[in-house]
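Me: Please take a close look at one part of this model. I would like the strand pairing and the salt bridge that goes with it.

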Amino acid sequence: MRTSLSKVASFCLLFIIIAINAYLIQGSENALQKKWLITAEIISCCALLLFVIGTLRKNYHSLQYQRLFDEHPVPMWIYEKKTLRFLSVNQAAVEKYGFSKSEFAQLTLADIREPEEVPQLMENIKERGDNISYRGIWQHRKKDGTTFFVELYAHAAVYYGKKARFIMAKDVDEQVKAAREAHQQGIRYQLLAQAINDAVYDRNLLTNEVSWNHGMANLFRHAPPAEDGIFEWWKSNLHPDDREQIISSLDKCLATGSHHWSAEYRFQCADGSYKYVVDRSYIIYEKNIPVRMIGIMQDMDKHVKQAMKLEEQNKTLREIAWINSHEIRRPVVSILSITGMFDKSNKDIHLNSRLMDWLYQSTQQLDDIIHKIEDKAKDIQ
């Protein structure tokens, strides 16, 4: 519109100059005077032409900047610094926030914020003063009431004589929420690592650096090993009979791209004794390359040894059952048979004497078996 007004004004001025010069030329009888008037007319026309060209060029550049502002894909606006009212918004802001340009013209910065954030906004504006530039992350509100996070880039500006600020608002909602979720997960991991007595570890598979929680010292009484050699230290504390199988299992897991690894093995304590542990971990890959391994070592020593003790007791009970069903029957059968062969009239003294010897031997065998069972029972206790 400003271009059209400039054109009309320029043509009107040109017409006036031409009319005045024509009038002066017609009214002059002096040839020299007419010559100078014609020259002045030409100069005036050229000056006017240069003025028009300059105005058009200025307006052309202004239109280019206006078009760049309006069509930029990132929401942008200009607001008055004193009143915080929107002076101009681009199409991306209209589409993002849901307000029309005429609706934006009736709003202030506070109208696109949550009410509880307005005091913080005013304080931030006050502290910022006349700073030339600013960058920060804020939560904005759309026309439908939904909120999202934006990263603001602000610069001082003058807009039609008013002190203003030029704003670019980049949508960073997904990044902020992802960062917050990662932060919360990190807090939960730290709390979990502190709450449990198990040894929690985080191993960088590219550098073999490993970080442990307090569980390593609590369970195995080891002082914190050097960080640069902690993985090799872990391998050296595996029981010699378990080491090869455990390392092979872990290497196979990483080679096949599995995300889960678990194993049971014996781990050496600071006093040289070994504890049975179960080790479970989750492996993270980037472009099919294992980069991180997060796991937990749980002390299973009491449970494993108790299970081994129960197995040993069951074995003993099975042996007692076998003794009862096999060994103890033999002397019992012999005793029963011998007692049936006695000469109750006691006429055959030699037979009864021999049977008494056999009975004594069978009874002795039975007594030995009973003592054997008693010894087995003591092992169970």
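Reply: Here is a walk through one strand and its partners.

This is a predicted model: local features need pLDDT of at least 70, side-chain atom pairs count only at pLDDT 80 or more, and totals for chains, interfaces and linings use all residues. Residues are numbered from 1 along each chain as its sequence is written, and side-chain values use heavy atoms, with hydrogens and water left out.

Start with strand 10, residues 289–299. Strands are DSSP runs (E, at least two residues), and helices are runs of H or I with at least four residues; both are numbered from the N terminus. Two strands pair if DSSP finds at least two bridges between them.

Strand 10 runs antiparallel to strand 9 (residues 274–286), with 10 bridges joining them. Glu-286 has Ile-289 as its bridge partner. The two strands form a hairpin with two residues between them. In that turn, Lys-287 has a positive phi of about 55 degrees.

Strand 10 also runs antiparallel to strand 6 (residues 199–204), through six bridges. Here Tyr-201 has Gly-295 as its bridge partner.

Side chains join these strands too. Arg-292 forms a salt bridge with Asp-202, the closest N and O atoms being 2.6 Å apart. The pair links distant parts of the chain: Arg-292 sits in strand 10 and Asp-202 in strand 6, 90 residues apart. A salt bridge needs a side-chain nitrogen of Lys or Arg within 4 Å of a carboxyl oxygen of Asp or Glu.

Arg-292 is partly exposed, at 37% relative accessible area. Asp-202 is buried, at 15%. Buried means under 20%, exposed over 50%, and partly exposed in between (1.4 Å probe, protein chains only).
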